[in-house]
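The following exercises concern helix packing and residue burial. Please work through each task with the structure at hand before reading its solution.

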Amino acid sequence: MSKTTASGDGAPALHFDTPTLDREFAALLHTISEHGGYAYVSMAALASGGDIRAAEAAREMAWEQLHSGPWHSVLPVWRDAYSMACLHVAGHHYGNGEFREALRVLDLGIIMGGTLLRKDLDSAVSKVSEQTRRRVRVSDLGGSEHRLVDREFDVAEVVQLLPMKSLSSKLVEKKSALSLDKFLKDHYLSRSPVIISDCMAHWPAKAKWNDEDYLLRVAGDRTVPVEVGKNYLCTEWKQELITFSEFIQRIKSDACSPGGPTYLAQHPLFDQINELRRDIFIPDYCFAGGGELRSLNAWFGPAGTVTPLHHDPHHNILAQVVGKKYIRLYSSSLSEELSPHSGTMLSNSSQVDLDDVDETKFPKVQELEFVDCILEEGEMLYIPPKWWHYVRSLTTSFSVSFWWSEGDSSDAS
């Protein structure tokens, strides 16, 4: 990739290296042309020589291809094309000393782009981040720790906001520092939920993630995808790309936007921001059964965010790092009674809205057996595959989910 000068004042040029792009450039352009991207190829060739207008044009062309249909139908080459254009555009901004804009473009390349140029994107993010942090003043972050959650709540008051019969029946079993052998025998093999306490004290996240200043320092300028609206089953639900600092401001405002709360949900944040990844550890329980880790996702949002009743295909450990959540679980054997949506897209989600049950359509739902709990800071909840679960944040909440597959079903989707 060509080096872009920062200014005309004689200062040394700022640039980041893109060894994968340099090596794959010609082959990638050839593949794009084979799929009809002749205009893109022309612009990308100019962009590689430092033409910022051509780089922006190429990025816009790739963006249009990414939104030409359902995400799964987008040709992988167009995702790589978008990553390439992002590297060209970000290189120009970085060369001009526009570090935050460079970081925004690189994050878009990571979130929306393909895998071919991921190492170049990550390397560039690391280099640009060094520059942005040098320019963060202490006054920008405040002089003392600002906690995201700093007060207890009235359980009796909270219960009134929960679905009917909450916390009045059978609670999820809780065990302290559960051994891997006992977890395997008593819960993994029997598909039985359990809360595991006293197993996260060694995580740096336990001490760091409730500190707003820390989060802003390591992630404030990063761009992340968020959900806006009651939940993903509602027609007004939408997704946005905003900076992490703007997201935290929305949480702090303690007021919903006209479209509803903002939630960073089921996002691989730790693949994107290495500093946060170093704050957590994969629980040993995730290696039970000889399977493999399938996904590692963040769930971060204000009180009141809801994930409606649904099930997932894998074993799941939900680790509660900051705040508290209410969680209700129904056995996988009750799938028919919980009326899943028809169609493949939402077949893992129930038509039953636990916050407002339509008893004319679902007259027997309130009689179904369930277990529930309030998941406290420092606790992990094991959710077996196909178990239905409803989740509501009771405070500002930051959680991590670890999905892993069966040892003999590594091809599970």
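**Exercise 1. Identify the buried residues of α12, determine how they are arranged around the axis, and find what covers them.**

Solution. In this predicted model, the buried residues of α12 are F244, F247, I248 and I251. They cover an arc of only 95 degrees around the axis, which places them on the same side of α12. A general property of the α-helix is relevant here: with 3.6 residues a turn, residues three or four places apart point the same way. The elements covering the buried residues of α12 include the helices α11 and α13 (269-272), together with the strands β4 (223-228), β5 (238-243), β6 (262-267) and β7 (293-301).

**Exercise 2. Classify the packing of α11 against α12 from the angle between their axes.**

Solution. Helix α11 comprises residues 212-219 and helix α12 residues 244-253. Their axes are 9 Å apart and form an angle of about 155 degrees. Angles over 145 degrees count as roughly antiparallel; α11 and α12 are therefore roughly antiparallel to each other. On the α11 side the contact is made by E212, L215, L216 and A219, and on the α12 side by F244, S245, I248, Q249 and K252.

**Exercise 3. Classify two further helix pairs, α1 with α4 and α4 with α5.**

Solution. For the pair α1 and α4, the axes lie 11 Å apart at an angle of about 135 degrees. The two helices are therefore oblique to each other. The crossing of α1 past α4 is left-handed. Its contact involves L21, F25, L28, L29, T31 and I32 of α1, and V77, W78, D80, A81, M84, L87 and H88 of α4.

For the pair α4 and α5, the angle is about 170 degrees and the axes are 8 Å apart. These helices are therefore roughly antiparallel to each other. Among the α4 residues that meet α5 are R79, Y82, C86 and Y94; among their α5 counterparts are F99, V105, L108 and M112.

**Exercise 4. Compare the expected and modelled span of α6, then describe its buried and exposed residues.**

Solution. Helix α6 has 17 residues (118-134), which at 1.5 Å a residue should span 24 Å. Its end C-alpha atoms are 25 Å apart, in agreement with that expectation. The buried residues of α6 are D120, L121, A124, V125, V128, S129, Q131 and T132. They cover an arc of only 160 degrees around the axis, and this puts them on the same side of α6. The face turned away from this buried side carries the exposed residues K119 and R134. The cover over the buried residues of α6 includes α1 (19-34), α4 (76-95) and α5 (99-112).

**Exercise 5. Decide whether E275 and F402 are buried or exposed, and list contacts for each.**

Solution. E275 is found in helix α14 (residues 274-277). Its relative accessible area is 17%. Buried means under 20%, so E275 is buried. Not counting residues up to four places away in sequence, E275 touches R133, Y214 and V218.

F402 lies in strand β14 (residues 397-404). With 0% relative accessibility, F402 also counts as buried. Leaving aside neighbours within four places in sequence, its contacts include W203, F281, I282, P283, L296, H315 and I317. As for separation, F402 and G229 are 173 residues apart in sequence, with their C-alpha atoms 25 Å apart in space.

Key
Residues are numbered from 1 along each chain as its sequence is written. This is a predicted model: local features need pLDDT of at least 70, side-chain atom pairs count only at pLDDT 80 or more; totals for chains, interfaces and linings use all residues. Side-chain values use heavy atoms; hydrogens and water are left out. Helices (H or I, at least four residues) and strands (E, at least two) are DSSP runs, numbered from the N terminus. The expected span of a helix is 1.5 Å times one less than its number of residues. Buried means under 20% relative accessible area, exposed over 50%, partly exposed in between (1.4 Å probe, protein chains only). The arc is that of the directions from the helix axis to the C-beta atoms. Contact means heavy atoms within 4.5 Å. Axes are lines fitted to C-alpha atoms, for helices over the stretch in contact, and angles run from 0 to 180 degrees between N-to-C directions. Angles under 35 degrees count as roughly parallel, over 145 as roughly antiparallel, 65 to 115 as roughly perpendicular and the rest as oblique. A crossing is left-handed if the near helix is turned anticlockwise from the far one by less than a right angle, and right-handed if clockwise.
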